[in-house]
Amino acid sequence: MSELSPVPSRVGYVVKRYPRFSETFVVSEILAHEEAGMEVEIFSLYPPNDTHFQASLARVRAPVTYIPADGLRAADFWAGMQRAAGCFPDLCSRLDITHTAPARDVYQALLLACEARRRHIQHLHAHFATVATSVVRLAAGFLNLPYSFTAHAKDIFHSSVNQDELRRNLSGAAAVVTVSDYNLEYLRRTFGPATARVRRIYNGLDFDQLGPPSHQNASSLIVAVGRLIEKKGFSDLVKACRVLADRGRAFECVIIGTGLLRPTLQAQIEAARLSDHVTLVGPRPRDEVLCYMRRAAVFAAPCVVGNDGDRDGLPTVLLEAMAVGAPCIATDVTGIPEAIQDGETGFVVPQGDFVAFAAAMERLLDDSELRAQIASRARCRVERHFDVRRNAAELRDLFVSAHRAHEETAQGAR
């Protein structure tokens, strides 16, 4: 038997859009890989559409290639097919993997495969289990390379998820990661044997970038961060603030982010006569968000399961708040209790119970010593379980195992 080829040192990261302001975990993960010496190439299926970005983007060395798709015409598709046939003389024998795929996915997979071949990519990894992974699965089939992906939240829970396609992506992957034990159990219950290669690796934080935790909490500041969409539960936070106001509490609540529900939330704030207490400040640069967190007496994450099934996996912003010293209150949705141990590293209340949420906020607002104890224990917990360098190293080990298994299978077939 001939010697196996080297383990992958050049990995292609494939995402739907790059960069995205809400996906700090992708940037942190890539930076950790680069720090460890792994070469990364980034492939994005669509251009960015955000207005704010992380300062840490400037530290990413990986080049970014955008795979065109908008305005796809038949002539473009066949030109892509012709180009791919030049890269892969046996392409026709591999087209059976495309029989259920939309033409756009096939087109982008053909272009991705050609770029990956030209750049000597040895492994493909996608973030999110939807279109990015579907394109990667096809491209990996054209290339005869192993692929892996990370499943997060909306990509597995939302009512729009194509379960047949997700099953194909799970079954074909050399390795699959998901970001919480809750997600892992959900996938196992839903997809059974197709999840044999799924494991949990938490998203990680770069503690060097976050710095030490703050001990300068403003005694009346409540901070929440996230897109203004149903699953973030900000409507319940406004209701909880009304409870605090009815009890005569002096407080300021700042909600950072933008989204479709902004007009609805603003109307709710005004109807509840909370304009002097609750402010929607819109999106803010990450450094400013962290400053708000450091000053917060309470960081609120009132997450819920949306009517469409969408929910958070384990919000990175919650982990960041724990890391910088903001005492946190969150709900019992999905993987959140894996980070927040009720009464120890924060408070966990039932989703939708805004009265309980208000009581937990009042408890923290009233007790500076409790805030300090909670914040200290929370920082220790995230350092122990959510360090990006340690968790990215686990991911690289997964790439190595997937590569070796693929090589061994290929040799056995020869």
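Two strands are said to pair if DSSP finds at least two bridges between them. With that term in hand, the tour may begin; please note that the model is predicted.

Display the central sheet first. Seven strands form this open sheet, in the order 3-2-1-4-5-6-7, and their pairing is parallel. At its edges lie strand 3 (64–66) and strand 7 (198–200), each of which pairs on one side only. Neighbouring strands of the sheet are turned against each other by 25° on average, direction ignored.

Next, select helix 3 (residues 103–118). Helix 3 packs on the sheet and touches strand 1, strand 2 and strand 3. The direction of helix 3 makes about 155° with that of strand 2.

Now select strand 1 (residues 10–17) and strand 2 (residues 39–46) together. These two strands run parallel and are joined by seven bridges. Which residue of strand 2 is the bridge partner of Gly12? The partner is Glu41. Further along, select Val15, whose bridge partner in strand 2 is Ser44.

Add helix 1 (residues 24–35) to the selection. Strand 1, helix 1 and strand 2 make a right-handed β-α-β unit.

Keep strand 2 in view and turn to strand 3. Strand 2 and strand 3 pair in the parallel sense over three bridges. Select Ser44 once more: Ser44, the bridge partner of Val15, also stands opposite Tyr66 in strand 3.

Finally, show the surroundings of strand 2. Why is strand 2 described as largely enclosed by the rest of the structure? Seven of its eight residues are buried, so strand 2 is largely enclosed; buried here means under 20% relative accessible area.

Definitions and conventions
Residues are numbered from 1 along each chain as its sequence is written. This is a predicted model: local features need pLDDT of at least 70, side-chain atom pairs count only at pLDDT 80 or more; totals for chains, interfaces and linings use all residues. Side-chain values use heavy atoms; hydrogens and water are left out. Helices (H or I, at least four residues) and strands (E, at least two) are DSSP runs, numbered from the N terminus. Axes are lines fitted to C-alpha atoms, for helices over the stretch in contact, and angles run from 0 to 180 degrees between N-to-C directions. Contact means heavy atoms within 4.5 Å. Buried means under 20% relative accessible area, exposed over 50%, partly exposed in between (1.4 Å probe, protein chains only). A crossover is right-handed if, with the strands pointing away from the viewer, the path from the first strand over the helix to the second runs clockwise.
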